[in-house]
Amino acid sequence: MAYWLMKSEPTVFGIDHLAGAPRQTTSWDGVRNYQVRNMLRDDVRQGDQAFFYHSGCAVPGIAGIVNIVSAAHPDATAFDPSSEYYDAKSTFAEPIWYSVDVQLAQRFATLVTLPQLRGEKALKSMKLLQRGNRLSITPVRAAEWVHILALVP
DNA sequence: GCCAACGTTGGC
DNA sequence: GCCAACGTTGGC
């Protein structure tokens, strides 16, 4: 079982949206970056867990934990001309983009903030914290996962 | 295949 | 709103 960190802008889809969704489950769609697509398609498995990270907001940080409840399947938004994520090049026969389904596992009472994470020596080499990292999904090492869990209030 | 221009992400 | 970093695009 592997660990991941998944970024989302809370004004677009935050952990509160997930908490209010049917079965507290949603399809993690809209990924349009090939590196992230490859990770989703090839490496993310049912049963994995991920931190739900809030980005592009006043207080960036980890808001909770989700369970990966399905392996990758073609991203339906790519087939939908009315979606902002529509991609005419992605077809049912040859899908380009993929998504996984995630279910809320835990919502933290308060965020583990980005400055807090940066302050932890044990997390120095975490992908999220590397200079120039912009990937919306990054792997998290087991040791990092455990270390961060200990920071949750 | 190179590379400049442009677009996006995301912290600050 | 600014800017660094990086991905993508497209002309050549």
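Q: A residue is near a strand if one of its heavy atoms lies within 4 Å of that strand. Which residues surround DNA strand B in this predicted model?

A: The model is a predicted one. In it, K7, Y53, S55, G56, P60, L114 and R134 surround DNA strand B. Each of them counts as near the strand because at least one of its heavy atoms lies within 4 Å of it.

Q: What makes the contact between K7 and DNA strand B a polar contact?

A: An N or O atom in the side chain of K7 is 2.9 Å from a phosphate oxygen of DNA strand B. The limit for such a pair of N or O atoms is 3.5 Å, so this pair qualifies.

Q: How do you know which part of G56 and which part of R134 approach DNA strand B?

A: For G56, a backbone N or O atom lies 3.0 Å from a phosphate oxygen of DNA strand B. For R134, an N or O atom in the side chain is 2.4 Å from a base oxygen of DNA strand B. Over the strand, 73% of the atoms within 4 Å of the protein belong to sugar or phosphate, and the rest belong to bases.

Q: Which residues surround DNA strand C?

A: Y34, Q35, R131, G132 and R134 surround DNA strand C. Sugar and phosphate make up 75% of the atoms of DNA strand C that come within 4 Å of the protein.

Q: What makes the contacts of Q35 and R134 with DNA strand C polar contacts?

A: The side chain of Q35 has an N or O atom 3.0 Å from a phosphate oxygen of DNA strand C. The side chain of R134 has an N or O atom 3.0 Å from a base oxygen of DNA strand C. The cut-off is 3.5 Å, so both pairs count.

Q: How is the surface near DNA strand C divided, and what makes G132 count as polar there?

A: The residues near DNA strand C divide into one nonpolar, two polar and two charged. Gly is counted among the polar residues, so G132 is placed in that group.

Q: Why is the pair of R107 and D16 called a salt bridge?

A: The closest N and O atoms of R107 and D16 are 2.6 Å apart. A salt bridge requires a side-chain nitrogen of Lys or Arg within 4 Å of a carboxyl oxygen of Asp or Glu, so the pair meets the condition. The pair links distant parts of the chain, with R107 in strand β6, D16 in helix α2 and the two positions 91 residues apart.

Q: What makes D16 exposed but R107 partly exposed?

A: Exposed means over 50% relative accessible area. D16 has 52% and therefore counts as exposed. R107 has 46%, so R107 counts as partly exposed.

Q: How do you know that the salt bridge of D75 and R32 ties together separate parts of the chain?

A: The side chains of D75 and R32 meet at 3.0 Å, N to O. D75 lies in the loop between β5 and β6, and R32 lies in the loop between β2 and α3, so the pair joins parts that are 43 residues apart in sequence.

Q: Are D75 and R32 buried or exposed, and why?

A: Buried means under 20% relative accessible area. D75 has 0% and is therefore buried. R32 has 27%, which is between the two limits of 20% and 50%, so R32 is partly exposed.

Q: What makes S99 buried, and which side chain does it meet in a polar contact?

A: S99 stands in strand β6. Its relative accessible area is 1%, which is under 20%, so S99 is buried. The side chain of S99 makes a polar contact with the side chain of S27 at 3.4 Å.

Q: Why is a group of residues here called a nonpolar core, and how many residues has the largest?

A: Such a core is a set of buried residues of certain kinds, Met, Trp, Val and Ile among them, joined through side-chain atoms within 4.5 Å. The largest has 21 residues, and those with the most contacts inside it are M6, W28, V66, I68, V100, V102 and I137. Strands β1 and β6 and helix α3 are among the elements giving two or more residues to this core. Apart from it lies another core, of 19 residues, including L114 and V140.

Key: Residues are numbered from 1 along each chain as its sequence is written. Chains are lettered from A and ligands numbered from 1 in the order in which they are written. This is a predicted model: local features need pLDDT of at least 70, side-chain atom pairs count only at pLDDT 80 or more; totals for chains, interfaces and linings use all residues. Side-chain values use heavy atoms; hydrogens and water are left out. Buried means under 20% relative accessible area, exposed over 50%, partly exposed in between (1.4 Å probe, protein chains only). Helices (H or I, at least four residues) and strands (E, at least two) are DSSP runs, numbered from the N terminus. A polar contact is a pair of N or O atoms within 3.5 Å; within protein, one must be able to donate a hydrogen and the other to accept it, and residues adjacent in sequence count only if both atoms are side-chain atoms.
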